Amino acid sequence: MNLSQYMVIGRYIPGNSYIHLLDARSKLIFVFLYIFLVFLTNSILGYLILLSFIIIGILISKIPISYYVKGIMPIFLIILFTIILHLTTNKAGDLVFQWKWIEIYSQGIEQAVFITLRLLILVIIASMLTLTTSPIDLTMGLERILNPLKRVNLPIHELALMMSISLRFIPTLVDEADKIMKAQKARGANFETGPIHKRVINMIAIIIPLFISAFKRADELAIAMESRGYRGGEGRTRLRVSVFTWRDLLLLLIFSVLLITILSIRGL
Amino acid sequence: MNNRIRIMTEIAIIAALAVLLNAIKVYEAPFGGSVSLVMVPIFLLAFRRGIVPAIIAGALTGTIKIILGAYIVHPVQFLLDYPVAFALLGFAGIVKINKNLSLKQKSIYLTIGIIFASSLRLLSHFVSGVIWFGQYAPENMNVYLYSLLYNLYYLVPEMIISIIVSIFIINKIPNFFIREDN
């Protein structure tokens with residue numbers, strides 16, 4: 001087992017589609033508002049509109065559909081479970097289907113479709129954000145959106161910096177863990193088979209060296225930062241600064257159209 | 001040495017370690033719940049640096065999990081299941097483990113801290129489950145019982161494994177995880 005191969009951390013797929021090139025701030029705000037739009041919608045027609053919008057988004061993003069399907073898998077069982085619950089317990093409306101003791105009513109079907117659409121839309125829109133935006137861009141976007149909170153003494157810059165350091169060190173630690181695992185395997189440790197208590201005890205042989213090296217890295221990094229004169233966020237500049245473009249304006253326009261459509265359907 | 005910068009880098013690296021351990025499944029239960037050592041780094045930081053840095057490390061872990069791809073089914077659910085649930089683990093630092101304690105006392109203190117913090121995490125997942133599953137479940141279903149059982153189902157094994165591993169670590173390398181300020 002090669003740890004760095006079997007462990008996929010993050011799902012970002014680089015690209016240069018319209019969605020990739022949007023400012024991270026616009027994408028974050030859009031997804032946030034879109035989720036509220038989903039909860040504002042109360043009809044299957046509304047959900048079909050929101051879903052077709054997402055399908056267009058998937059096509060524009062130029063990311064293979066299989067990646068989105070992978071994002072749905074963790075909640076697939078939950079969706080299935082909810083569908084079965086609604087189909088079997090909701091006895092309102094007309095009787096549509098009957099086989100032995102199984103009776104399915106029209107309202108049950110309606111509820112099941114409603115919930116499936118809602119869950120699918122929510123999960124796919126979140127996947128789309130993480131598939132098309134790199135974690136570092138998202139962190140920077142979050143920092144700039146939350147920047148006003150500095151006024152109430154929240155250390156937004158420090159939090160964002162810690163997040164960037166974390167993201168930067170995850171691959172390093174993965175490599176490190178991989179090396180330690182191989183070293184312990186060469187000494188005869190077994191992590192894949194055997195009873196669970198044995199595997200947990202074997203894990204300790206990885207975790208202790210990992211902890212010691214992690215703290216060593218933290219210490220070295222702190223010394224390096226201090227010797228380079230790090231003194232917090234005040235007056236710090238960036239190598240790359242993203243700016244709003246026509247793309248972000250277009251996104252705002254698209255959202256307004258969606259909002260008006262959803263509100264008018266709701267009013268019907 | 002500027003202690004503030006050192007604490008910041010430790011928080012960041014501990015969060016990275018938690019995200020890494022989160023991906024190594026000790027065992028996988030059916031229906032999605034999986035058991036990993038994700039909580040251990042946050043607990044150990046809580047014993048080393050106290051409650052506040054550990055809370056920040058936990059919140060970072062949760063936020064990074066979202067950025068790397070999480071499932072969101074409800075606006076409140078996503079806050080409670082990720083940043084809040086992991087931030088609450090920092091409360092393991094209510095117990096103070098110092099050098100003068102015997103091996104047995106250290107283990108008992110550590111267990112109390114971990115059980116307390118895990119219960120807070122359970123509470124967060126439980127409330128989240130009631131809120132979001134309540135939106136989707138049929139009206140006659142007992143959402144409270146379902147949410148409690150579902151979360152206990154993977155959190156209890158995860159907590160037990162975390163306690164065992166933490167006791168091992170704190171006895172092997174005690175100097176790393178004992179509060180320096182007392």
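**Confidence, fold and a buried helix in chain B**

Within chain B, confidence is lowest in strand β1 (residues 25–28), with a mean of 74, and highest in α2(B), at 94. The model is predicted, and these values are pLDDT scores on a scale from 0 to 100. Over the whole of chain B the mean pLDDT is 88. Of its residues, 94% reach 70 or more. For the complex, the predictor gives an ipTM of 0.90 and a pTM of 0.87.

Chain B contains six helices and two strands. Read from the N terminus, its elements follow the order α-β-β-α-α-α-α-α. The radius of gyration of chain B is 17 Å, close to the 16 Å that the globule rule gives for 182 residues, so the chain is as compact as a globular protein of that length. Along the principal axes, the C-alpha atoms of chain B fill a box of roughly 55 × 35 × 25 Å.

Contacts and surface were examined next. Among contacts in chain B between residues at least 6 apart in sequence, 72% join residues at least 24 apart. Buried residues account for 59% of the 182 residues in the chain. Chain B exposes about 7,100 Å². Carbon and sulfur atoms supply 65% of that area.

Helix α3 of chain B was then taken in detail. The helix covers residues 51–67, which is 17 residues. At 1.5 Å a residue, α3(B) should span 24 Å. Its end C-alpha atoms are 24 Å apart, so the span agrees with the expected value.

Many positions of α3(B) are under the 20% relative accessible area that defines burial, including B:Pro53, B:Ala54, B:Ala57 and B:Gly58. Further along the helix, B:Leu60, B:Thr61 and B:Gly62 are also buried. The buried set is completed by B:Ile64, B:Lys65, B:Ile66 and B:Ile67. An α-helix has 3.6 residues a turn, so residues three or four places apart point the same way.

Both chains contribute to the cover over the buried residues of α3(B). From chain A, the cover includes α6 (106–132), α7 (135–146) and α8 (156–186). From chain B, it includes α1 (3–23), α2 (39–49) and α4 (75–87). Just after α3(B), B:Gly69 takes a positive phi of about 115°.

Chain A was considered by domain. The domain assignment gives domain 1 (1–133 + 243–268) and domain 2 (159–236) of chain A. Their C-alpha centres lie 35 Å apart.

Conventions: Residues are numbered from 1 along each chain as its sequence is written. Chains are lettered from A and ligands numbered from 1 in the order in which they are written. This is a predicted model: local features need pLDDT of at least 70, side-chain atom pairs count only at pLDDT 80 or more; totals for chains, interfaces and linings use all residues. Side-chain values use heavy atoms; hydrogens and water are left out. Helices (H or I, at least four residues) and strands (E, at least two) are DSSP runs, numbered from the N terminus. The expected span of a helix is 1.5 Å times one less than its number of residues. Buried means under 20% relative accessible area, exposed over 50%, partly exposed in between (1.4 Å probe, protein chains only). Contact means heavy atoms within 4.5 Å. Domain bounds come from an automatic or database domain assignment. pLDDT is the predictor's confidence in each residue, from 0 to 100. The radius of gyration is taken over C-alpha atoms; the globule rule is 2.2 Å times the number of residues to the power 0.38. Accessible areas come from the Shrake-Rupley method with a 1.4 Å probe; for residues, only the protein chains shown count as cover.
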